[in-house]
Amino acid sequence: MNFVNVHSAMDTQAGEPVAFDETNVVRGLEERRQLGAFYTPQRLSGMLSDWAIRRASDLVLEPSFGGCGFLASALSTLARKGAAEPAKRVFGCDIDSLAFTHLSKLFDGHRDLDGFVQGDFLDCFEVDSWPSKFTAVIGNPPYIPHQRIGKERVRELSSRVWPGTGVGGRSSLWAYFIWHSLRFIQVGGRMAWVLPGAFMQADYAKALRDYLPRRFERVAAFVVRDRLFISEGTDEETVVLLADGFRESEADGRMAVGIAADLEELEKTIARWTEGLWTGDLSGPSAAILSLTSAETSLFSAVAAHESVLMFGKLAKVQIGVVTGANHFFVLSRSDLEAAGIPESACIKVLSKFKASASIALVDEDFQSYAAEGGKTFLISLGKEDQSAPIERYLSTFDTKRREDNSTFRKRAHWSETYDGRRPDAFFPVMHHDGPRLVLNETNGTSTNTIHRVFFHAAAASARTRKLAAVSILTSFSQMSAEIVGRRYGSGVLKHEPRDAERLQLLMPKVGTAELNSVFKELDQLLRRGSRVEAAMRADTFIYEAAGLTSAKKISSDLIQALAVVRQRRRP
């Protein structure tokens, strides 16, 4: 651990920090992505510093100070609070050497200051130049997913004893930063963080969402609809997390959640929350729910209470598609097969792109059409006992070293046996922009892990139940349910993990078989023509009227309108 001495540019007479220009000392976007460094807008860092710092005597820690935006804001806030020497009251850490170039510009010449550590904050435990506790911890921790942290580092972090349970595994680096910062908070202290949208929806963040309200007297999370970091090279949704009044021990507590259109609305809402005039939603809702009016929420809840509503998981098991370990090698187009001399009959039909299934039923003609367009629809799979000379020759072209290092290959009885022999009953998209479809499988094909496989339970195995489920998922009610249980990602895409998909709510009223078959065929034709809106409205009419919902047209109109707003708000 290196301690860096820098110089202060604090004018102790005026009490205001000297502005600094970082335009000549910045990393490119790709370098910042590697470091997980996305510099916070000055207005936001100032807003959070003003909230977190209450007195001239406060001690402030910024665990990943990067471009020094939060440090500059903290110095300004302390000066306004009357601190005689604000520079003595701020401390920080960063692993990036360039951060210290920014720091030397911010603290420019009046005195040495050794409260800044160059190194990994997660390795800071007792730093001699730091106070043992801080009254405020503020910042924007690095956004680095667990895959890029490194296996050894993940293993080491997961083995640590953390305050809460469920820490580690797939946690991103920013989550570890919050956990680790808890050891530095003084009783009664505050935290203010700028976090990615994953805080509200990732499984690994649930432990934080549960634990923080038990250790702080008040906690609030604000989803900001404006994409604040687009100029920084990411369109990740932003969550501002505030925690007030660190407790000596755990107690009952719940996190308030709200949504703000932009920084101006955020500032006003934070002020109202601080004054006790805003309580937010304490039920732990998703960002989709926060986008609904109270009337829209009541309408959705009323439909959800209908006796025919079921969770999709009651009907089926959703699992990831075939994991080949090297899709580029095992999933081929028709021209790839011709080049390798492999006959189509030796391959397994595979759905590798959801766009190849235009409707709610996948038929062999869909595979043929996509293959004719150059799509990859052929899966190579060869077990130890299988015989296929062309495939054997093709497999021999795979680099031996890469094959031996591939962890997926090592899990299989034979490295090239990619297909598990389980034909799915239907398919469900992993990621999508315009809502999910349940596509019934009328072929002997399967899908790659870019698309979920659906296996209906024995009790729901009838063709009637499957068709009704496929129709029902198209309704505005189920599409809204998909928004609520799904996970929003940067570009506005909605993602459903298998358990998320199983939480999807469906209206499954009693309908006649002949009428159902007729509507299913009609919807299939509409979707194949690209008439998604018309198909959704037809599904609404059929399902809502069959369920006996009063004012079915009004319910459909209101939910479609609300759904449009929710989708618009998850997009940059």
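**Close-up views of a predicted model**

**View 1. The largest nonpolar core and one of its well-connected residues, M191.** In this predicted model, the largest nonpolar core brings together 95 residues, and those with the most contacts inside it are W130, W174, M191, F199, L241 and L266. Once its neighbours within four places in sequence are set aside, M191 is in contact with W51, V137, I178, S181, L182, I185, L212, F216, L241, L242 and A243. A second core, separate from this one, has 55 residues, among them V303, I360, L506 and I555.

**View 2. Helix α2 and the elements that cover it.** Helix α2 spans residues 42-52, and because eight of its 11 residues are buried, the helix is largely enclosed by the rest of the structure. The buried residues are L44, S45, G46, M47, L48, S49, W51 and A52. Their cover includes two helices, α3 (69-81) and α10 (263-274), together with the strands β5 (134-139), β6 (185-196) and β8 (238-246).

**View 3. The largest cavity and its lining.** Rolling a probe the size of a water molecule over the atoms shows where empty space is left. A search of the whole structure finds one cavity of 30 Å³ or more, and the largest cavity holds about 40 Å³ of space. Its lining is made up of R334, K349, F367, Q368, A371, T377 and F378, which divide into three nonpolar, two polar and two charged residues. Helix α15 (residues 364-372) gives the largest share of this lining, with three residues.

**View 4. Two loop residues with positive phi, C68 and S551.** Most residues other than glycine have a negative phi. C68, which is not a glycine, nevertheless has a positive phi of about 70°, and this residue lies in the loop between β2 (60-62) and α3. S551, also a residue other than glycine, has a positive phi near 55° and is found in the loop between α23 (532-546) and α24 (552-569). Is each of these residues buried or exposed? C68 is buried, with a relative accessible area of 0%, whereas S551 counts as exposed, at 51% relative accessibility.

**View 5. The whole chain, as a setting for the close-ups.** The chain contains 24 helices and 23 strands, and of its 572 residues 57% count as buried. Among the contacts in the chain with a separation of 6 or more, 78% are between residues 24 or more positions apart. The chain exposes about 24,800 Å², of which carbon and sulfur atoms supply 49%.

How values were computed: Residues numbered from 1 in each chain as written. Predicted model: local features only at pLDDT ≥ 70, side-chain atom pairs only at ≥ 80, totals over all residues. Heavy atoms only, no water. 1 Å grid on protein atoms, 1.4 Å probe; cavity = no way out; pocket = protein on both sides within 12 Å on 5 of 7 lines; lining within 4 Å. Points joined across faces, edges and corners; volume = space filled by probe spheres on them. Helix = DSSP H or I, 4+ residues; strand = E, 2+ residues; numbered from the N terminus. Nonpolar A, V, L, I, M, F, W, Y, C, P; charged D, E, K, R; others polar. Buried < 20%, exposed > 50% of the residue type's maximum accessible area, 1.4 Å probe, protein only. Contact = heavy atoms within 4.5 Å. Areas by Shrake-Rupley, 256 points an atom, 1.4 Å probe, with all protein chains shown as cover. Core = buried A, V, L, I, M, F, W, Y, C linked by side-chain atoms within 4.5 Å.
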